[in-house]
Amino acid sequence: MDSISDAMKHRLNRHGLDQAISTATHLETAKRVLPVFAIPKTLRAGVLWIEVDTPAHAYFFNQELDDALERINAAIGKQLVTSIKVRISHK
């Protein structure tokens, strides 16, 4: 008999929800290590999209992309994010 954890993982895998949950977890992890003005929005195929509120924040964040990439991958625990793209939110 499988443990409850294994049974849940198996059921999530069958419905494709395992990937959605792990992506949401990785986005939340990235949010913890990024500046408050940088909001992680999507992670697909190694590309993490970050949304910032002003062009100035975009400029300064782009200056620190390599450092941010290292911090995010260190927090996740594996080299999952290969690049970061920044967009400005227009509210």
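## Helix α4

In this predicted model, the buried residues of helix α4 (helices being DSSP runs of H or I of at least four residues, strands runs of E of at least two, numbered from the N terminus) are A68, L69, I72, N73 and I76, where buried means under 20% relative accessible area, exposed over 50% and partly exposed in between, with a 1.4 Å probe and protein chains only. They lie on the same side of α4, because they cover an arc of only 125° around the axis, taken from the directions from the helix axis to the C-beta atoms. The face turned away from this buried side carries the exposed residues D66, E70 and A74.

The twelve residues of α4 (65-76) should span 16 Å at 1.5 Å a residue, which agrees with end C-alpha atoms 16 Å apart; the expected span is 1.5 Å times one less than the number of residues. Just after α4, G77 takes a positive phi of about 100°.

## Salt bridges

The structure holds two salt bridges, each a side-chain nitrogen of Lys or Arg within 4 Å of a carboxyl oxygen of Asp or Glu. One joins the side chains of E51 and R87 at 3.5 Å, N to O; E51 lies in strand β2 and R87 in strand β3 (residues 83-88), so the pair ties together parts that are 36 residues apart in sequence.

R71 forms a salt bridge with D67, the closest N and O atoms being 3.2 Å apart. R71 is partly exposed at 31%, and D67 is partly exposed at 36% relative accessibility.

## Loop residue A45

A45, in the loop between β1 (39-44) and β2 (47-52), has a positive phi near 55° although the residue is other than glycine, and A45 is exposed, with a relative accessible area of 76%.

## Basis of the values

Residues are numbered from 1 along each chain as its sequence is written, and side-chain values use heavy atoms, with hydrogens and water left out. Local features need pLDDT of at least 70 and side-chain atom pairs count only at pLDDT 80 or more, whereas totals for chains, interfaces and linings use all residues.
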